[in-house]
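Good morning, colleagues. Thank you for making time for this short presentation; please turn to the sequence and the structure.

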Amino acid sequence: MASPPAALPEDIALEILARVPDAAGLFRCAAACRRWRTLVADPSFLRRRWPDGARHPSSLLGFFGQEWCRRPGGEDRGDVPDSPGFVRAPGSVLGSEHPFLGSFVPGAAGIFDRAVPLASHRGLLLVRFVPAGGAGADPSADVDRLAVCNLHSGACDVLPPLERGWFFDYVDASAYAVVSQGPASFKVLIVGYNNEGSQQYDIRTFSSGGEPSWSAPSKLFNPIEHGIFGPLKQRGAVVRHGTVHWLIWDLVDFHAIDVDAMTGRVSLQKLPAPRPRDMEYHLYDTPRLSVAADETALSSLCLFREPLRVETWTRGDVCEEGDGHCGRDWCRARVVELRPPEQKQIDTPVCMCLGERSGTLLIKDLHRCMYIADLESGAMEETTDKQFCRGLDGCKTAFPVEIDWPAFFKCRLGGKSGV
């Protein structure tokens, strides 16, 4: 009887697995046998494949278009699309034959048929959705229906209905955040403008594992006390070390609203750039707050049009980088000159969204041409895929869907028996 073939030495097997070209192929390898699953799920191997602090273009799965819809008669019904708004990114690991959530959150496919993303954090995606069959059991009920989908574990939690009332009378003044608080716990924060007497921003929260209900509205901050009369400009928050950050405009300067998700403590800090008093508005786009993948720093990124470039200001615990232009604890960390495709004139570019983990910007120009810019090299590539362009045409903004591959592999492979 022939003896079984000798197993590959572990170092050779690791070298082979490290050279598998994409995440989908690597996951199939991990599912082939117990030994390979153990090797792939090892944190040291995952850090080797996706190093901490580096940008990983493969993390970008695609984009959701964000649009406004109106009820018959002109009443605002919130930003719920008339059709599915997700489009795969060029080069995405998602195959065209697989629906988006059918690949990552199988139980939420119906929810995402008509949904708009509101915020994300560490693989959690907060969405507003329309139940199957219309507006729900009571079409006249003015409620918000939200769900939190976990791209890493595949879980989907439908939150209790949230009565809108005055809290959402000013849709442009509402803002959202979802904060991961562990492998299976999260907290959702929603900000609304109270126009009934107090003239202030109030906040409501929901925590998984606690009471299955929303908190009562409580004061977040009064914009008039701070001399702010402009709108929230970045309604989906970014999160750093448990602190939620939103962007607000006072018609002169931009500010970051910082909210501690645990204590509710609020602070306000003016962004150092751009400076609307120093240049005409058409020369730059609205800045965007961003957080590094390892949450080491909060950044403000702004697209300038003449010359075409992205300027990044960073606020960390200690500011040691940059060119010396610091305002309080903000430092200008870098300037990236964007390089359009050859013989391509980009007219009035607008940043539709920023992919933090993949290090990409989605840009649309006046002629509805779309480009994906690499924030490391500055190279811009025009997206000519018809389905992609058609899916985002007419959208003012987009929402990037990114995944933390090491967290995904550890969540899906860790603790499972072999096959």
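I shall begin with the chain as a whole, then turn to its cores, its helices and one loop residue.

Please bear in mind throughout that this is a predicted model. The chain has 419 residues, of which 49% are buried. Its secondary structure amounts to seven helices and 26 strands. Of the contacts with a separation of 6 or more, 53% join residues that lie 24 or more positions apart.

Let me move to the interior. Which residues have the most contacts inside the largest nonpolar core? They are Leu-26, Val-40, Phe-104, Phe-112, Trp-405 and Phe-409, and the core itself has 36 residues. Another core, of 20 residues, lies apart from it, and its members include Tyr-201, Val-239, Ile-257 and Ala-261.

Two of the residues just named, Trp-405 and Phe-409, are also among the buried residues of helix 7, which spans residues 405-413. The others buried there are Pro-406, Phe-408, Arg-412 and Leu-413. Viewed down the axis of helix 7, the buried residues fall within an arc of 160 degrees, so they line one face of the helix.

Next, the pairing of helix 7 with helix 3, residues 34-41. Their axes come within 9 Å and cross at roughly 140 degrees. The crossing is left-handed. Helix 3 contributes Arg-37, Val-40 and Ala-41 to the contact, while helix 7 contributes Phe-409, Lys-410 and Leu-413. By class, the residues of this contact comprise four nonpolar, no polar and two charged.

Helix 2, residues 23-30, comes next, with Ala-23, Gly-25, Leu-26, Cys-29 and Ala-30 buried. Why do these residues sit on the same side of helix 2? They cover an arc of only 160 degrees around the axis, and that places them there. As for partners, the buried residues of helix 2 pack against helix 1 (10-18), helix 3, helix 4 (43-49) and helix 7.

Finally, I would draw your attention to Gly-53, in the loop between helix 4 and strand 1 (60-66). Is Gly-53 buried or exposed? Its relative accessibility is 57%, and because exposed means over 50%, Gly-53 counts as exposed. Along the chain, Gly-53 and Ala-293 are 240 residues apart, yet their C-alpha atoms are separated by 6.3 Å.

That concludes my remarks, and I welcome your questions.

Terms used:
Residues numbered from 1 in each chain as written. Predicted model: local features only at pLDDT ≥ 70, side-chain atom pairs only at ≥ 80, totals over all residues. Heavy atoms only, no water. Core = buried A, V, L, I, M, F, W, Y, C linked by side-chain atoms within 4.5 Å. Buried < 20%, exposed > 50% of the residue type's maximum accessible area, 1.4 Å probe, protein only. Helix = DSSP H or I, 4+ residues; strand = E, 2+ residues; numbered from the N terminus. Arc of directions from axis to C-beta. Axes fitted to C-alpha atoms, helices over the stretch in contact; angles between N-to-C directions. Left-handed = near helix turned anticlockwise from the far one by under 90°. Contact = heavy atoms within 4.5 Å. Nonpolar A, V, L, I, M, F, W, Y, C, P; charged D, E, K, R; others polar.
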